[in-house]
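Biologist: I would like to learn how to read a structure of this kind, feature by feature. Could we take the general idea each time, and then the case in front of us?

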Amino acid sequence: MTKNRRWPAPTDAEGMRFFSAVNDYKRLAREYSDQRIADVGCGRKKFPGSVGIDLRGNSYADVQHDLLTFPYPFEDNTFDLLVCRHCIEHLPDTFAVINEFYRLVKPGGRIVLEYPHFSWHEAYRHPQHCHWFSSGSFDYFHPDNEHYTAKLKMRKKMGYFGNTVMKIL
């Protein structure tokens with residue numbers, strides 16, 4: 001078995017590592033092991049060491065909550081890392097969801113989103129998908145956009161699944 005020669009992943013000027021799903025989830029779990037982590041829409045694959053939030057009774061959620069009801073049952077600035085894997089495409093109000101994520105994450109924290117890229121044929125098969133995202137879908141939330149109040153730094157890496165990493169300023 002050969003070692004992954006691309007790891008550790010390259011960093012940008014601010015020292016944020018670019019995200020590649022499987023390996024980086026392991027790295028994030030280690031990096032945030034002693035900090036507060038939320039896994040929004042955790043289902044049955046809850047992020048290690050996280051507080052799972054989901055409505056479904058068959059999930060591994062620690063907190064059962066309707067993700068369409070705001071605010072979520074946590075204080076402001078509760079989490080250092082918020083992970084949302086294959087959930088945001090099911091939630092109709094993307095703006096309200098991102099604003100809620102921003103409220104929950106501490107300054108300097110991270111939000112990691114994973115979602116199916118619109119070009120992947122499976123993105124259209126699920127009858128509960130409300131949105132189809134592309135690599136530019138979350139550009140609206142960039143700090144240079146004067147029409148949005150949350151201040152996020154974003155790093156993106158796209159594949160069959162889209163990934164957006166947002167760092168709270």
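Modeller: Let us begin with burial, where a residue is called buried if its relative accessible area is under 20%, exposed if that area is over 50%, and partly exposed in between. Please keep in mind throughout that this is a predicted model.

Biologist: With that cut-off, how many of the 11 residues of helix 2 are buried?

Modeller: Eight of the 11 are buried, so helix 2 is largely enclosed by the rest of the structure. The buried residues of helix 2 are Thr94, Ala96, Val97, Ile98, Glu100, Phe101, Arg103 and Leu104, a list that you can follow along the helix in the view. For the chain as a whole, 44% of the 169 residues count as buried.

Biologist: Before we go on, what is the order of helices and strands along the sequence?

Modeller: The chain has two helices and seven strands, and, read along the sequence, they follow the pattern α-β-β-β-β-α-β-β-β.

Biologist: How many residues of strand 4 and of strand 5 are buried?

Modeller: In strand 4, six of the seven residues are buried, and the strand is mostly covered. In strand 5, nine of the 12 residues are buried, so this strand too is largely enclosed by the rest of the structure.

Biologist: How should I read the pairing of these strands, and in which sense do strand 4 and strand 5 pair?

Modeller: Look at the sense in which two strands run and at the residues that stand opposite each other. Strand 4 and strand 5 pair in the parallel sense over six bridges, with Cys84 opposite Leu113 of strand 5 and Leu82 opposite Ile111 of strand 5. Strand 1 also runs parallel to strand 4, to which it is joined by three bridges, and here Leu82 of strand 4 is the bridge partner of Ala38.

Biologist: Which residues touch the most other members of the largest nonpolar core?

Modeller: A nonpolar core is read as a set of buried residues joined through their side chains. The largest one here has 24 residues, and those that touch the most other members are Val40, Leu82, Cys84, Ile88, Phe101, Leu113 and Phe138. At least two residues of this core come from each of strand 1 (37-40), strand 2 (51-54), strand 4 (79-85), helix 2 (94-104) and strand 5 (105-116). Another core, of nine residues, lies apart from it and includes Ala29, Ile37, Phe47 and Val112.

Biologist: Turning to charged side chains, how many salt bridges does a search of the whole structure find?

Modeller: The search finds eight salt bridges, and for each pair it is worth asking where the partners lie and how covered they are. Glu31 forms one with Arg110, their closest N and O atoms being 4.0 Å apart. Because Glu31 lies in helix 1 (residues 21-31) and Arg110 in strand 5, this pair ties together parts that are 79 residues apart in sequence. Glu31 is partly exposed, with a relative accessible area of 34%, whereas Arg110 is buried, at 10%.

Biologist: Which parts of the chain does the pair of Asp80 and Lys106 link?

Modeller: Asp80 forms a salt bridge with Lys106, with the closest N and O atoms 3.4 Å apart. This pair links distant parts of the chain, Asp80 being in strand 4 and Lys106 in strand 5, 26 residues apart. Asp80 is buried, with a relative accessible area of 12%, while Lys106 is partly exposed, at 28%. Salt bridges can also share partners, and in that way Arg27, Glu31 and Arg110 are joined into one network.

Biologist: Finally, how is empty space found, and which residues line the second largest pocket?

Modeller: Rolling a probe the size of a water molecule over the atoms shows where empty space is left. The second largest pocket has a volume of about 260 Å³, and its lining consists of Asp39, Gly41, Cys42, Gly43, Arg44, Lys45, Arg56, Arg85 and His86. By class, that lining has one nonpolar, three polar and five charged residues. Arg56, one of the lining residues, also forms a salt bridge with Asp54, with the closest N and O atoms 3.4 Å apart. In this pair Arg56 is partly exposed, with a relative accessible area of 47%, and Asp54 is buried, at 6%.

Methods
Residues numbered from 1 in each chain as written. Predicted model: local features only at pLDDT ≥ 70, side-chain atom pairs only at ≥ 80, totals over all residues. Heavy atoms only, no water. Core = buried A, V, L, I, M, F, W, Y, C linked by side-chain atoms within 4.5 Å. Buried < 20%, exposed > 50% of the residue type's maximum accessible area, 1.4 Å probe, protein only. Helix = DSSP H or I, 4+ residues; strand = E, 2+ residues; numbered from the N terminus. 1 Å grid on protein atoms, 1.4 Å probe; cavity = no way out; pocket = protein on both sides within 12 Å on 5 of 7 lines; lining within 4 Å. Points joined across faces, edges and corners; volume = space filled by probe spheres on them. Nonpolar A, V, L, I, M, F, W, Y, C, P; charged D, E, K, R; others polar. Pairing = 2+ DSSP bridges.
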